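Trainee: I've got this one open on my screen and I'd like to talk it through. Can you take my questions one by one?

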Amino acid sequence: MNSKTKNEKSQSAEEASAFQNNALAQQYGGGHVGGWVGRLPSSWVPYVQLARLSPPAALFLIYFPHFFGVMLAAIIQRSPVSQVLRASFIMLGGSFFFSNAAHGWNDLIDAPIDKSIARTSKRPIPRGAITPRAAFIFTATQAIGAASFLLLMPEGSAIYAIPNIIGTCYYPWAKRHTNFAQLVLGFCLAWGIIMGSCAMGLKPFTGEPFGGGDESGWKQLFWAEPSTACLFLASILWTVIYDSIYAHQDIKDDIKVGLKSIAVLFKDQTKPLLWLLLGCMVTLLYTCGNLLNMGIPFYVIAAGGSLLSLGAMIANVNLKESASCWWWFRYGFWLAGGAIAGGLLSEYVLIGPSF
């Protein structure tokens, strides 16, 4: 009787695990077909899956930092609402195409490895729904679409996109070269803050070659505008935190195929590192606000909200369960991103912008 009960429990656990892994593959493994995706022509579906448009977490991974940059620049310059809305929509359009291109490129390079990993083996390229040639054409067209939005930005903004383009192209190989691929990804995503500032006409750098070199006083000590630099670094750490948890989904498969990550490097000791990074992130957000003499709402919403949401994620996630990693990645990401955006919005409202 006891043996039978144990076998039944073991079978139930395996079935639950299989169900969870299948759900993960459907959600962010590149095989989602539910909701609005199911209403599209069948020939479109693989490309929607390639671009991770459903659910839209991938798009907002990229858009959030761009929006942060827009709002921070608006606070610094006390910009009118009309300018903020225009820049926000330009950044959203650019983020849409850039997200599509970045995910297409990543999957094109990773296709041989994705075949060997359970969660990603059913992505469009590994399963044969999209050929490598078609994926490359899709990626190129989306990159051109993203570049076209640079034409809508202030003159001289395009040069600021170069570091991000280089980083994004390199990122798929970073997972083969270094255990700190999350830092490369964090740099690429956080660079949206720089582009968001540019969209508002604010030079994020105070020295050459990007800046004008016309700053005086203590700002000459910094190559980047200090508050922008703090938000940029905080955004990098935010990415490292949630992507390290995300990476724990595939840690066993990654080790087998030789991929590297913070999850692979630290394994069961990842959480202490994440707590340290969270402390640094909150400190940087506080410093960003302090440099601009922001009001209490920013500290409560942005710094406090990030601390609570990411702290809950780190404390409660089970790094040995893929479903737990996915669940906390999904909700922790949205809550922290929303907190930073909400904090910046609250400060912008407090300065009483014109229309």
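**Walking through the fold**

Mentor: Sure, let's start with a single residue: Q49 counts as buried, at 5% relative accessibility. Keep in mind that this is a predicted model.

Trainee: Okay, so where does Q49 lie, and how far in space is Q49 from P124?

Mentor: Q49 lies in helix α2, which covers residues 45–50. P124 is 75 residues away from Q49 in sequence. In space, though, C-alpha to C-alpha, the two are 6.9 Å apart.

Trainee: Stepping back, what does the secondary structure of the protein come to?

Mentor: Read along the sequence, the pattern is α-α-α-α-α-α-α-α-α-α-α-α-α. Put as a tally, that's 13 helices and zero strands.

Trainee: And how much of the protein is buried?

Mentor: The protein has 355 residues. Taking buried as under 20% relative accessible area, the share of buried residues is 54%.

Trainee: Which helix gives the most to the largest nonpolar core?

Mentor: That core has 85 residues, and F68, L231, W238, I241, M281 and L344 touch the most other members. Helices supplying at least two residues each include α4 (81–114), α8 (226–247) and α11 (270–291). With 13 residues, the top contributor is α3.

Trainee: What is I241 in contact with, leaving aside its neighbours within four places in sequence?

Mentor: I241 is one of the residues that touch the most other members of the largest core. Once those sequence neighbours are set aside, its contacts are L274, L277, L278, M281, L310, M313 and I314.

Trainee: How many residues are in the other core, the one lying apart?

Mentor: Its members include L50, A51, I125 and I130. The count for this separate core is eight residues.

Trainee: Now the helices at the end of my list: how are α12 and α13 oriented, roughly parallel or roughly antiparallel?

Mentor: Helix α12 (residues 296–316) packs on helix α13 (residues 322–350) with axes 7 Å apart, at an angle of about 175 degrees. Angles over 145 degrees count as roughly antiparallel. So α12 against α13 is roughly antiparallel.

Trainee: By class, how many residues in that contact are nonpolar, polar and charged?

Mentor: Sorting the contact of α12 with α13 by class, there are no charged residues. What's there is nine polar and 15 nonpolar.

Trainee: How far does α13 reach from its first C-alpha to its last?

Mentor: α13 has 29 residues, and at 1.5 Å a residue you'd expect 42 Å. The model comes close to that, with a reach of 42 Å.

Trainee: Where is K320, and is it buried or exposed?

Mentor: K320 sits in the loop between α12 and α13. Its relative accessible area is 70%, and the cut-off for exposed is over 50%. So K320 is exposed.

Trainee: How far is K320 from K267 in space?

Mentor: K267 is found in the loop between α10 (262–266) and α11, and it's partly exposed at 41% relative accessible area. The two lysines are 53 residues apart in sequence. C-alpha to C-alpha, K320 and K267 are 9.4 Å apart.

Trainee: Last one: what is phi of R78 near?

Mentor: Most residues other than glycine have a negative phi. R78, in the loop between α3 and α4, is exposed at 56% relative accessibility. Its phi is positive although R78 is not a glycine, near 55 degrees.

Methods. Residues are numbered from 1 along each chain as its sequence is written. This is a predicted model: local features need pLDDT of at least 70, side-chain atom pairs count only at pLDDT 80 or more; totals for chains, interfaces and linings use all residues. Side-chain values use heavy atoms; hydrogens and water are left out. Axes are lines fitted to C-alpha atoms, for helices over the stretch in contact, and angles run from 0 to 180 degrees between N-to-C directions. Helices (H or I, at least four residues) and strands (E, at least two) are DSSP runs, numbered from the N terminus. Angles under 35 degrees count as roughly parallel, over 145 as roughly antiparallel, 65 to 115 as roughly perpendicular and the rest as oblique. Ala, Val, Leu, Ile, Met, Phe, Trp, Tyr, Cys and Pro count as nonpolar, Asp, Glu, Lys and Arg as charged, and the others, Gly among them, as polar. The expected span of a helix is 1.5 Å times one less than its number of residues. A nonpolar core is a set of buried Ala, Val, Leu, Ile, Met, Phe, Trp, Tyr and Cys residues joined through side-chain atoms within 4.5 Å. Buried means under 20% relative accessible area, exposed over 50%, partly exposed in between (1.4 Å probe, protein chains only). Contact means heavy atoms within 4.5 Å.
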